[in-house]
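User: I'm new to reading protein structures, and I'd like a close look at one helix and how its residues face. Once that's clear, could you carry on to other parts in the same way?

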Amino acid sequence: IIYFFQASLFSLRDKFFLSFLSVSKNLYFLVCLVLLLMLVSGREEFYQLGDRFVGFFASPTTFATWMVALYIISFSDVVCGFAKQKRSLLLGFVAFFMLFLFVYFSGTRVNLVFLLLLVTCFLFRGIFLHRRIRFLMLVLYAVAIFSIYPLYGLFAEYFSSELIAYRYESGVDASFGLRSILFSSVFGEVLESGIFGLFFGQGGESSRNLIVSIWGVDVLPHNDIVRILHDYGAIFCVAYVLFIARLGASNYISMLAALLYMTAFVHNMIYSHYLIVTLVVFSEVGIFKSFLRRES
């Protein structure tokens with residue numbers, strides 16, 4: 001409910017939006033206060049597998065993704081760089097620290113990487129003043145998401161296991177092993193499906209059924225790009241990625257929403273209509289378009 005209230009503020013005209021932004025920030029801190037009490041309580045219903053904090057959700061990855069989305073909405077003036085008052089910047093940094101805390105205790109490593117990307121975009125936001133640069137950024141990010149497991153394998157060779165597998169006491173990343181196998185199984189089937197299967201796919205949820213037939217368990221591929229590539233083919237997959245990139249390139253905050261949405265592909269959240277609607281709403285927000293015009 002709070003999230004949709006925050007998002008509804010973006011439908012207001014510019015002057016009303018700015019006046020209601022303080023209400024949005026107060027609600028964010030209220031949510032964080034309740035979550036902090038839940039975190040320190042240590043009650044098992046707030047955790048998954050005993051150690052991954054889930055907050056109000058049943059999934060730590062969903063929780064971490066929604067907290068990032070709520071932060072981007074609530075502190076959009078800070079994220080986009082047009083908050084000039086020291087108090088606003090300080091509140092934004094405090095809120096970001098709390099966000100980092102919750103994402104860390106959720107054990108969602110991909111979202112931790114996204115927070116690093118969010119900071120990088122903030123520091124170099126001048127690069128993204130032009131629509132074509134934002135579009136190119138999103139297309140390249142989609143390629144990176146598709147290649148995330150091979151890239152992760154290379155990353156693991158150069159960094160200690162304590163860093164990349166911090167939520168596993170043994171230092172062995174069991175999650176990566178499972179996801180790599182799922183990715184290889186689905187992508188291998190795509191390559192062997194013939195010309196028609198490659199271009200037009202094998203039908204909705206066929207990748208899920210494939211995993212059931214091979215491994216006997218009903219799980220998703222944990223990479224939604226290879227998932228829709230298998231289910232709907234290369235033509236639809238490329239068209240959908242370009243559609244998301246086109247929406248996201250509308251302005252700076254819609255680019256961040258598109259980056260978060262594609263990051264959530266690793267969490268099987270491609271069908272999250274809430275994130276899709278958020279992206280569409282952000283792409284039409286005039287206040288950020290006028291800000292980009294002022295900056296450029």
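Analyst:

**Helix α12 and beyond**

Let's start with helix α12, which covers residues 206-215: its buried residues are S206, S207, L210 and I211. Around the helix axis they cover an arc of only 145°, which puts them on the same side of α12. Right after α12 comes G216, and its phi is positive, near 75°. Keep in mind that this is a predicted model.

Now try the same trick on helix α7, residues 131-146. A quick check on its length comes first: at 1.5 Å a residue, the 16 residues of α7 should span 22 Å, and the end C-alpha atoms are 23 Å apart, which agrees. The 22 Å comes from multiplying 1.5 Å by one less than the number of residues. The buried residues of α7 are R134, L138, Y141, A142 and I145. Looking down the axis of α7, you'd see these buried residues fall within an arc of 105°, so they line one face of the helix. Turn to the other side of α7 and you find R132 and L140, which are exposed.

Helix α8, residues 148-158, is where Y149 sits. Y149 has a relative accessible area of 7%, and since buried means under 20%, Y149 counts as buried. Along the chain, Y149 and N223 are 74 residues apart, yet their C-alpha atoms are separated by 9.0 Å.

Next up are the aromatic rings. The structure holds 24 aromatic pairs. In one of them, the ring centres of F100 and Y104 are 6.2 Å apart and the planes are at 25°, so the pair is stacked; the cut-off for stacked is planes under 30 degrees apart. Both residues belong to helix α5 (residues 86-106), and because they are four residues apart, about one helical turn separates F100 from Y104. As for exposure, F100 has a relative accessible area of 38%, which makes it partly exposed. Y104, at 35%, is partly exposed too.

Compare that with F128 and Y252. Their ring centres are 6.4 Å apart and their planes are at 40°, so this pair is tilted. It links distant parts of the chain: F128 is in the loop between α6 (109-123) and α7, while Y252 is in helix α14, 124 residues away. Both F128 and Y252 are buried. Elsewhere, ring pairs join Y28, F29, Y71, F75 and F96 into a cluster.

Last stop: empty space inside. Rolling a probe the size of a water molecule over the atoms shows where empty space is left. Searching the whole structure turns up one cavity of 30 Å³ or more. The largest cavity has a volume of about 70 Å³. Ten residues line it, and the closest to its centre are A69, A257, L260, L275 and T278. Which helices should you look at to find it? The elements giving two or more residues to the lining are α3 (60-74), α14 (252-263) and α15 (273-283). Remember α14 from the tilted pair: that's the helix that holds Y252. By class, the lining of the largest cavity has nine nonpolar residues, one polar residue and no charged ones.

Notes. Residues are numbered from 1 along each chain as its sequence is written. This is a predicted model: local features need pLDDT of at least 70, side-chain atom pairs count only at pLDDT 80 or more; totals for chains, interfaces and linings use all residues. Side-chain values use heavy atoms; hydrogens and water are left out. On a 1 Å grid over the protein atoms alone, a cavity is a set of points where a 1.4 Å probe fits but cannot get out, and a pocket is an open set with protein on both sides within 12 Å along at least five of seven lines; lining residues have an atom within 4 Å of a point. Grid points are joined across faces, edges and corners, and a volume is the space filled by probe spheres set on the points. Ala, Val, Leu, Ile, Met, Phe, Trp, Tyr, Cys and Pro count as nonpolar, Asp, Glu, Lys and Arg as charged, and the others, Gly among them, as polar. Buried means under 20% relative accessible area, exposed over 50%, partly exposed in between (1.4 Å probe, protein chains only). The arc is that of the directions from the helix axis to the C-beta atoms. Rings of Phe, Tyr and Trp (its six-membered ring) pair if their centres lie within 6.5 Å; planes under 30 degrees apart count as stacked, over 60 as edge-to-face and the rest as tilted.
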